[in-house]
Amino acid sequence: MAKLTLKVKKIAFKHPQTKKAGFVARVVTNGTETFDDICEIAGMNTTYTQEEIVACAGLMLKAAARQLKNGKIIDMGPLGKLYPSVSGKWVEKEADLALTDLTPHCNYRPSQEIAEAISGASIGWATAKDEGKENAQEPENDNNTGGEGGGNTSGGELEG
């Protein structure tokens, strides 16, 4: 399997707590693959059509969503796990923690194979060529960027 090389660039970013100006690293991606694209690629060299793979994957995702609604952890095998979760503010006293301060969401934990593909990646500075790729896309928000030395870890370029 090819080794991932994450190309990163330096971007100006204010520290969320101190508001002090500084820089963080942002991954330069090679575009986005859609669900349909992945289903088409998955069907290569098989007797399954893209439509059959889309249908099967859609049924699997509906079943996973149904079980999440039942409060279950969803083990997606080679993809990883989905966990129902909540986020909220920290309070000093138990009585001060209110349901209105909590927001439900879903946490994702990648499988070992996916986690190793990212953690084993090499990191290199993006060149003008990398940044100028027609397909390159920036994240729509800075949720994955911030803090001291923090950075977005999505996307990358495959070597090999």
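This report walks through a predicted protein model, from its overall layout down to a few individual residues.

## The overall layout

The protein has 160 residues, and 22% of them count as buried. Its secondary structure consists of 4 helices and 7 strands. If you follow the chain from start to end, these elements come in the order β-β-α-α-β-β-β-α-β-α-β.

How much surface does the protein expose? The figure is about 12,000 Å², with carbon and sulfur atoms supplying 55% of that area. Contacts across the sequence are also worth a look. Taking the contacts between residues at least 6 apart in sequence, 56% of them join residues at least 24 apart.

## The nonpolar core

A good place to begin inside the protein is its largest nonpolar core, which has 5 residues: Leu4, Leu6, Val8, Val27 and Ala121. Which element gives the largest share of this core? That is E1, with 3 residues.

Alanine 121 belongs to this core and sits in the loop between helix H3 (112-119) and strand E6 (122-125). Its relative accessibility is 15%, and because buried means under 20%, alanine 121 counts as buried. Leaving aside neighbours within four places in sequence, alanine 121 is in contact with Lys3, Leu4 and Leu6. Alanine 121 also pairs with a residue far along the chain in a simple distance check: its C-alpha atom and that of alanine 2 are separated by 10.0 Å, while the two residues are 119 apart along the chain.

Next comes isoleucine 123, a residue of strand E6. Is isoleucine 123 buried or exposed? With a relative accessible area of 64%, isoleucine 123 is exposed. Setting aside neighbours within four places in sequence, isoleucine 123 is in contact with Leu6 and Val8, both of which are listed in the core. The C-alpha atoms of isoleucine 123 and leucine 4 are separated by 8.6 Å, and these residues are 119 apart along the chain.

## A nonpolar patch on the surface

Nonpolar side chains appear on the outside too. Phe35, Met60, Leu61, Leu79, Tyr108 and Ile114 make a nonpolar surface patch of about 540 Å². One of these residues, tyrosine 108, has its place in strand E5 (residues 102-110). Tyrosine 108 counts as partly exposed, at 47% relative accessibility.

## One salt bridge

Side chains of opposite charge can pair when their charged atoms come close. How many salt bridges does a search of the whole structure find? The search finds 1. In this salt bridge the side chains of aspartate 101 and lysine 89 meet, at 3.8 Å from N to O. Both residues lie in the loop between strand E4 (80-88) and E5, so the pair ties together parts that are 12 residues apart in sequence. Aspartate 101 is partly exposed, with a relative accessible area of 27%, and lysine 89 is partly exposed as well, at 49%.

## A buried aspartate

Aspartate 130 offers another side chain to look at. This residue belongs to helix H4 (residues 128-131). At 7% relative accessibility, aspartate 130 counts as buried. What lies 3.0 Å from a polar atom of the aspartate 130 side chain? It is the backbone nitrogen of threonine 127.

## Two loop residues with positive phi

Two residues catch the eye for their backbone angles. Lysine 19 has a positive phi of about 65° although it is not a glycine. Lysine 19 is found in the loop between strand E1 (4-14) and strand E2 (21-28). Asparagine 45 is not a glycine either, and its phi is positive at about 60°. The loop that holds asparagine 45 runs between helix H1 (35-42) and helix H2 (50-69).

How exposed are these two? The table sets out their values.

| Residue | Phi | Relative accessible area |
|---|---|---|
| Lysine 19 | about 65° | 56%, exposed |
| Asparagine 45 | about 60° | 84%, exposed |

Because exposed means over 50% relative accessible area, lysine 19 at 56% falls in that class, and so does asparagine 45 at 84%.

Key:
Residues numbered from 1 in each chain as written. Predicted model: local features only at pLDDT ≥ 70, side-chain atom pairs only at ≥ 80, totals over all residues. Heavy atoms only, no water. Buried < 20%, exposed > 50% of the residue type's maximum accessible area, 1.4 Å probe, protein only. Contact = heavy atoms within 4.5 Å. Areas by Shrake-Rupley, 256 points an atom, 1.4 Å probe, with all protein chains shown as cover. Patch = residues over 30% accessible without salt bridge, like charges linked within 9 Å, V, L, I, M, F, W, Y side chains within 5 Å. Salt bridge = Lys/Arg side-chain N within 4 Å of Asp/Glu carboxyl O. Polar contact = N/O pair within 3.5 Å; in protein donor to acceptor, adjacent residues only side chain to side chain. Core = buried A, V, L, I, M, F, W, Y, C linked by side-chain atoms within 4.5 Å.
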